[in-house]
Structures are given as structure tokens and as C-alpha cells.
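Visitor: Please choose one small part of this model and take me through it closely. After that, I'd like to know how the rest of the chain is put together.

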Amino acid sequence: MKVVLASKNKHKLIEISKITEKFGFELVMESELGLDIDVEETGSSFEENSFLKADAVMKATGLPALADDSGIAVDALNGEPGIYSARYGFDDSLDDWGRLKLLLKNTEQVPDGKRQAQFVCVITMVTPDGNVIQARGEIHGELLREPRGENGFGYDPIFYYPPLGMTTAQMSAEDKNRVSHRANALRAFYEKLKEAGYADK
């Protein structure tokens, strides 16, 4: 089944494709279909924004569309940046590294032992026949005070995962695809796919 990924982020395509191969999906980016769809993320949750993106791309392509809305939530910041992780600071001049540094600056006064955080991911697929399949995944860890690791993207270099004793930017692709928020969401999503008859049981 051909499914359009409602994203312009090639890192997400690589991560998601490695996990969805077993689904029998042929995952393509919207750009491969000649589309460049900007969806205004007006939702107040990961679930709402994930649906908005998938629904818009499904309507534009006439194909099932898969969207991922994800971010980092820091307990000491009352869950910020959360759904605004990719727009943190609301400064268009900031890139991933700039937003990471802003988060470190805003948590300078948070003491060790109180730096808990989680990555959250919600996966939504919307089909032309009106089905909506959605699943959420999380990974819990803590925020470091300086980056470690060269892999991953976004806030990975400062997100420390105690069970493996490393940041998500220090993990191999295999380890990350086993424990990440995206991997956890996709595992739950796969179970819902099977229940809906879109994947073999």
C-alpha cells in the first residue's frame, strides 16, 4: 500500500521507513509527488496536530497519509516546549541547534535530579475512506547540561536515556529504533493497523 508521509523531514522518513517496512507500506514523501503542503498546526495536542497534517495530505493526494507529531516535554518547564518543539522560541532564525541551546539556557537553573523529560510521538494515518488510526509513544529520560553524541537530530544530543546510559544522539540506529518514542508509537500503531485490517495479524 502506498502511503504518503506528511512531512518534509528526511530524518523522519528514514527513521519511520526502517520500522514500517514490515507493515508492507511503500512510504513516500509528499515532495516525491510534487507537493509542498504547509499545514497550520492549530491543535492543542500532539494528537490534534498529527491528525491535521495527515488529513490535509490525504485530501491533497487522494492516498492514505501518515503524519508524526512529536516533541520534547520538560517536567520543570510544565511540559514545554511540547507541541512547539520544532518552533521553540518562535524565532525563524533558529535552527535545530539554536533551539537546543535555547532549551539548555531556559533550564540552567533546574537542579540535577529535577531535569526529567520525555520525548512524545503521535502517529496518525488517515485514509481516503475515512478511517483514522492513531497511536502514541513516549520515552522517558532526563535533560543533560551539554550535548553528547553525533547521531539523531533535534534535541537528541541533550536527552539522556538511563537504561542505556547514553543520549539518543549516542545510540545506534538499531537501538534508537528499538526504544525511541517514535518506535514505541509505531509499535502501538502496528497493533491498531492489524485490528483495522491494514496489516497481517
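Guide: Let's start with Pro 162 and its company. Setting aside neighbours within four places in sequence, Pro 162 is in contact with His 140, Gly 141 and Glu 142 (contact means heavy atoms within 4.5 Å). Bear in mind that this is a predicted model, with residues numbered from 1 along each chain as its sequence is written. Local features need pLDDT of at least 70 and side-chain atom pairs pLDDT 80 or more, totals for chains, interfaces and linings use all residues, and side-chain values use heavy atoms, with hydrogens and water left out.

Where along the chain are we? Pro 162 belongs to the loop between β7 (159-161) and β8 (166-167). Those labels are DSSP runs numbered from the N terminus: helices are H or I runs of at least four residues, and strands are E runs of at least two. Is Pro 162 buried or exposed? Neither one: Pro 162 is partly exposed, because its relative accessible area is 41%. For the scale, buried is under 20% relative accessible area, exposed is over 50%, and partly exposed lies in between, using a 1.4 Å probe and protein chains only. If you want a distant landmark, try Ser 70: from C-alpha to C-alpha, Pro 162 is 21 Å away from Ser 70 in space, and the two are 92 residues apart in sequence.

Now step back to the whole protein. You'll find five helices and eight strands. Starting at the N terminus, the elements come in the order β-α-β-α-β-β-α-β-β-β-β-α-α. The radius of gyration is 17 Å, close to the 17 Å that the globule rule gives for 201 residues, so the protein is as compact as a globular protein of that length. That radius is taken over C-alpha atoms, and the rule is 2.2 Å times the number of residues to the power 0.38. The C-alpha trace spans about 50 × 35 × 25 Å along its principal axes.

How much of the chain is tucked away? Of the 201 residues, 48% count as buried. Contacts reach far along the sequence, too: among those with a separation of 6 or more, 58% join residues 24 or more positions apart.

Two helices show the buried side of things well. In α1 (10-20), the buried residues are Lys 12, Leu 13, Glu 15, Ile 16, Ile 19 and Thr 20. They pack against three strands and two helices: β1 (2-5), β2 (26-29) and β3, along with α4 and α5. You can pick out β3 at 65-74 and α5 at 181-195, while α4 covers 173-179.

Then there's α3, at 96-106. Here Gly 98, Arg 99, Leu 100, Leu 103 and Leu 104 are buried. Their cover includes β3, β4 (80-81) and β6 (132-143). So β3 turns up again: it packs against buried residues of α1 and helps cover those of α3. One last detail sits at the start of α3, where a side-chain oxygen of Asp 95 comes to within 3.2 Å of the backbone nitrogen of Trp 97.

Note on methods
A polar contact is a pair of N or O atoms within 3.5 Å; within protein, one must be able to donate a hydrogen and the other to accept it, and residues adjacent in sequence count only if both atoms are side-chain atoms.
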